[in-house]
Amino acid sequence: MVVKVGIAKLGNIASGVMAELLLDERADREDMITFMATSGTKLQPEDIDRVVDNMKAWKPDFCVVVSPNGVLPGPKGAREALGAAGIPCVVITDDITTKKEEFEALKASDFGYIIMKGDAMIGARREFLDPVEMADYNGNLVKVLSLTGAFRKLQLALDAVVDQVKAGKSGKDLALPKIVMTSDKAVENEFTNAYAHAKARAAYEMAQSVAGINVKGCFMTKGHENYTPIVASAHEVMRQAMLLCEEAREIEKAADGVIRRPHKADGTIVEKTALISKPW
């Protein structure tokens with residue numbers, strides 16, 4: 001059977017840029033198909049309703065709902081509407097674990113979730129953030145989430161749901177992921193060299209810290225002469241995290257130890273380390 005995976009992208013976080021691409025990196029899988037509906041940059045009710053309507057019409061086997069601050073009324077309403085239509089949902093969002101009551105409600109629900117703690121809020125001050133700065137920041141963040149292993153864990157969790165559908169499960173019979181992507185979870189089983197592992201872990205910790213800096217700069221500080229240096233510093237932290245990830249990757253490459261886990265056309269995940277070798 002061909003599994004239909006819906007991606008409902010509401011607003012933007014870095015995980016949303018890559019969600020469906022992680023499942024089919026060469027666009028040659030024959031066992032699944034993806035469809036993305038997006039609200040664009042905003043989380044207005046009419047934009048979210050459009051996404052929900054499109055997703056209901058397509059009737060996926062399960063849906064991934066990606067958004068910043070996944071406990072806001074918009075993202076929450078979207079997954080509840082899809083769930084009411086019989087579509088199982090996995091929520092992917094940035095760190096909402098500090099919102100205790102809302103996070104406990106998500107944990108107790110039937111929805112799956114992957115909380116990407118390193119997918120940090122951007123420094124959204126007009127005096128600092130222009131389109132190039134936005135794209136540069138997201139590029140650095142995508143690299144951090146990729147090279148630390150956070151994206152791999154996200155992909156494996158979604159692939160596990162695909163495999164369940166292929167095995168004949170559906171609806172509430174699906175075991176959906178419930179993951180908080182910490183630094184230890186991200187780097188687990190990703191590196192053959194201990195120093196590369198340590199550098200990647202440090203990078204993820206740095207990425208997690210960026211959200212707090214940007215919250216201070218965007219919401220807690222008045223006067224552009226005060227908040228502009230704060231959000232600029234947050235972006236510098238993310239850049240340094242990206243550079244640490246590149247160092248970790250280069251260590252692994254130098255020892256010919258980069259772990260590669262591509263999909264075969266039937267969705268099977270194979271593995272290799274040596275560059276000049278076949279995955280098995």
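## Exercises: fold and helix 8

**Exercise 1.** State what share of the contacts in the protein with a separation of 6 or more comes from residues 24 or more positions apart.

Solution. Contact means heavy atoms within 4.5 Å. Residues 24 or more positions apart account for 71% of the contacts with a separation of 6 or more.

The model is predicted: local features need pLDDT of at least 70, side-chain atom pairs count only at pLDDT 80 or more, and totals for chains, interfaces and linings use all residues. Numbering runs from 1 along each chain as its sequence is written, and side-chain values use heavy atoms, without hydrogens and water.

**Exercise 2.** Describe the secondary structure and the compactness of the protein.

Solution. Count the DSSP runs: helices (H or I, at least four residues) and strands (E, at least two), numbered from the N terminus. The protein has nine helices and six strands. Next, take the radius of gyration over C-alpha atoms; the globule rule is 2.2 Å times the number of residues to the power 0.38. The radius is 19 Å, close to the 19 Å from the rule for 280 residues, so the protein is as compact as a globular protein of that length.

**Exercise 3.** Check the span of helix 8, then find its buried residues and their cover.

Solution. The expected span is 1.5 Å times one less than the number of residues. For the 27 residues of helix 8 (residues 194-220) this gives 39 Å, and the end C-alpha atoms are 39 Å apart, which agrees. Buried means under 20% relative accessible area (1.4 Å probe, protein chains only). Among the buried residues of helix 8 are Ala196, Ala200, Ala203, Ala207 and Val210. Their cover includes helix 5 (131-148) and helix 9 (224-254).

Key:
Buried < 20%, exposed > 50% of the residue type's maximum accessible area, 1.4 Å probe, protein only.
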